[in-house]
Amino acid sequence: MEIKNCKVIKNQKIAEKHFILKFENKFSKEFLPGQFLMVALPHFYLRRPFSVFKVNKNTISILYKVVGKGTEILSKMKKGNILNILGPCGNEFNIEQKYENIWIIGGGTGIAPLIFLSEKLKRKNKNITFFYGARNKNLLFFDILPAGIEYVFSTNDGSYGYKGTIFSIVEKMIKKEEKPDVIYCGGPELLLQKVSSLSVRHKIPSFITLENFMGCGMGVCYGCVIKVKEQNGWEYKRVCKDGAIFRGEEVIWQ
Ligand SMILES: Cc1cc2nc3c(=O)[nH]c(=O)nc-3n(C[C@H](O)[C@H](O)[C@H](O)COP(=O)(O)OP(=O)(O)OC[C@H]3O[C@@H](n4cnc5c(N)ncnc54)[C@H](O)[C@@H]3O)c2cc1C
Ligand code: FES
């Protein structure tokens, strides 16, 4: 893990309360799909975690929603401002050669790490179906979706794609279609929880990305622990260090 001062290149509003922030990539370590970074913000003791959405040699981008004071401050960052960033944090999505037919399921800003993942899977010529849900059409970010992938959209109000939650669509499709070899999921906890239990029911491996509250982001404070199943019962694992990607079946939902 490294700490770098990175210059903001662009902080673009893409929808109500949603932004894409691009900044200089000063890191010598490579960021991998599923990993996140911790941004220090003025007036806040604790850094804020964000999944990496896009990386290249010179720049890194995150996709974020303004939900509180920290993200409000982040949204005011301008080109040339300096951000102090810790990363790369956490583990990466498990990608195995044997996974050919892949379902990616995401909602809200949970699609950020999934887009990074799908770019990588695309380069490996995998057969990807990306299920993407939002509350309404204005919150589906079509412009940032990689080309060459099959998409299934849903909106809660029916303004685009299927009407209903993305999980309700996945649940219907899994009964009709050939089952995927693996599922990757990001988004609200309820979606992660439902996808995990669906994957257990259908005996499909799944990998989900958790967004627990974090303190240090580097495995020291134990502020981010979750319970996971192990042979003799359960144990605590740190989302920041042992995750944020977990196998769906191992998480004990509280
Ligand atoms: C590994 C990881 C990756 C993440 N990736 C992204 C991302 O790509 N894009 C993005 O927009 N957000 C992401 N988040 C969530 C993001 O970190 C929080 O939204 C942010 O820290 C909120 O800061 P704040 O000061 O604005 O809000 P706060 O003032 O801290 O909180 C405001 C409100 O947001 C809720 N909230 C705060 N943090 C979280 C959280 N971690 N999970 C759920 N609810 C929360 C609080 O309950 C409260 O209601 C990620 C979190 C983790 C742990
Ligand atoms: S946030 Fe400190 S151990 Fe995970």
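Start by selecting Glu-72 and Lys-76: their side chains meet in a salt bridge, with 2.5 Å from N to O. You're looking at a predicted model, by the way. Colour Glu-72 by exposure and it comes out as partly exposed, because its relative accessible area is 36%, between the 20% and 50% cut-offs.

Next, pick Arg-201 and Glu-171. Here is another salt bridge between side chains, this time at 3.8 Å, N to O. Arg-201 sits in helix α4 and Glu-171 in helix α3, so this pair ties together parts that are 30 residues apart in sequence. Glu-171 counts as partly exposed, with 29% relative accessibility.

Now go to the start of the chain and select Glu-2 and Lys-4. Their side chains form a salt bridge too, at 3.7 Å from N to O. Which of the pair is buried, and which is partly exposed? Glu-2 is the buried one, at 12% relative accessible area, while Lys-4 is partly exposed at 27%.

While you're there, click on Met-1, in the segment before β1 (2-15). Met-1 is partly exposed, at 38% relative accessibility. Add Met-218 and Val-220 to the selection and you have a nonpolar surface patch, with about 270 Å² of accessible area together.

One more charged stop: select Arg-247, Glu-249 and Glu-250, which are linked in a network of salt bridges. If you want to hunt for others, the structure holds nine salt bridges.

Time for the pockets. Rolling a probe the size of a water molecule over the atoms shows where empty space is left. Select Thr-109, Gly-110, Gly-187, Pro-188 and Glu-211: of the 48 residues lining the largest pocket, these lie nearest its centre. The space in this pocket comes to about 1400 Å³. Which element gives the most to its lining? That's α4, with five residues. Other elements that supply at least two residues each include β4 (48-51), β6 (59-65), α1 (69-75) and α2 (111-123). Colour the lining by class and you get 22 nonpolar, 18 polar and eight charged residues.

Last stop: the second largest pocket, with about 200 Å³ of space. Select Trp-103, Phe-131, Met-173 and Pro-180, which are among its lining residues, then add Glu-150, Glu-177 and Glu-178, also part of that lining. Strands β8 (101-107), β9 and β10 (150-155) each supply at least two lining residues. By class, this lining has six nonpolar, three polar and three charged residues.

Definitions and conventions. Residues numbered from 1 in each chain as written. Chains lettered and ligands numbered in written order. Predicted model: local features only at pLDDT ≥ 70, side-chain atom pairs only at ≥ 80, totals over all residues. Heavy atoms only, no water. Patch = residues over 30% accessible without salt bridge, like charges linked within 9 Å, V, L, I, M, F, W, Y side chains within 5 Å. Areas by Shrake-Rupley, 256 points an atom, 1.4 Å probe, with all protein chains shown as cover. Salt bridge = Lys/Arg side-chain N within 4 Å of Asp/Glu carboxyl O. Helix = DSSP H or I, 4+ residues; strand = E, 2+ residues; numbered from the N terminus. Buried < 20%, exposed > 50% of the residue type's maximum accessible area, 1.4 Å probe, protein only. 1 Å grid on protein atoms, 1.4 Å probe; cavity = no way out; pocket = protein on both sides within 12 Å on 5 of 7 lines; lining within 4 Å. Points joined across faces, edges and corners; volume = space filled by probe spheres on them. Nonpolar A, V, L, I, M, F, W, Y, C, P; charged D, E, K, R; others polar.
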